[in-house]
Amino acid sequence: MKNAKQKLLSAKSILVVRTDRLGDMVLTLPLCKVIRETCTNAEISIIAGRYSEPLLENCPVIDASYFIDDNKGSISDIIKEKKFD
């Protein structure tokens, strides 16, 4: 069985969930940068509140953003639909 590092390195689609405050999102973006540098071939997506859209829209380390305010279902619905690793 793969350990956590092996799983991360083999991931094709990674999701970061940060739905609370804008300041917490600011502190999460360096994590996304490290993921991008470590998993160069993975697609990195983020689930957040709509308030963080201006911060995420031009972020070079994020490939896709999903906003819980727009989703008629739940976060788990997005995860099931997109099939993140």
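Five salt bridges are present in the structure, which is a predicted model. Three of these pairs are described here, followed by the strands and helices around them and by one isoleucine of interest.

To start with arginine 18 and aspartate 20, their side chains meet in a salt bridge with an N to O distance of 2.8 Å. Arginine 18 has a relative accessibility of 26% and therefore counts as partly exposed, since the buried class ends under 20%. Aspartate 20 is likewise partly exposed, with a relative accessible area of 31%.

A second salt bridge brings together the side chains of arginine 36 and aspartate 63, at 2.6 Å from N to O. This pair links distant parts of the chain: arginine 36 belongs to helix H2, whereas aspartate 63 sits in the loop between H3 and E3, 27 residues apart. Arginine 36 is at 18% relative accessibility, so this residue counts as buried under the 20% cut-off. Aspartate 63, at 43%, counts as partly exposed.

Another salt bridge joins lysine 82 to glutamate 81, with 3.6 Å between the closest N and O atoms. Lysine 82 is partly exposed at a relative accessible area of 37%. Glutamate 81 reaches 59% and counts as exposed, because that class begins over 50%.

Turning to the backbone, strands E1 (residues 13-18) and E2 run parallel and are joined by six bridges. Within this pairing, valine 16 stands opposite isoleucine 46 of E2. Together with helix H2 (residues 22-38), E1 and E2 make up a right-handed β-α-β unit.

Isoleucine 62 offers a view of how the loop between helix H3 (53-56) and strand E3 (64-67) is placed, as the residue lies in that loop. With a relative accessibility of 10%, isoleucine 62 is buried, because the value falls under 20%. Leaving aside residues up to four places away in sequence, isoleucine 62 touches Cys32, Ile44 and Ile46. Ile46 is also the residue that stands opposite valine 16. In the other direction along the chain, serine 74 is 12 residues from isoleucine 62, and their C-alpha atoms are separated by 21 Å.

As for confidence, the chain averages a pLDDT of 88, and 96% of the residues score at least 70. Strand E2 (residues 43-48) has the highest mean in the chain, at 94, while the lowest, 83, belongs to helix H1 (residues 4-10).

Note on methods
Residues are numbered from 1 along each chain as its sequence is written. This is a predicted model: local features need pLDDT of at least 70, side-chain atom pairs count only at pLDDT 80 or more; totals for chains, interfaces and linings use all residues. Side-chain values use heavy atoms; hydrogens and water are left out. pLDDT is the predictor's confidence in each residue, from 0 to 100. Helices (H or I, at least four residues) and strands (E, at least two) are DSSP runs, numbered from the N terminus. Two strands pair if DSSP finds at least two bridges between them. A crossover is right-handed if, with the strands pointing away from the viewer, the path from the first strand over the helix to the second runs clockwise. Buried means under 20% relative accessible area, exposed over 50%, partly exposed in between (1.4 Å probe, protein chains only). Contact means heavy atoms within 4.5 Å. A salt bridge is a side-chain nitrogen of Lys or Arg within 4 Å of a carboxyl oxygen of Asp or Glu.
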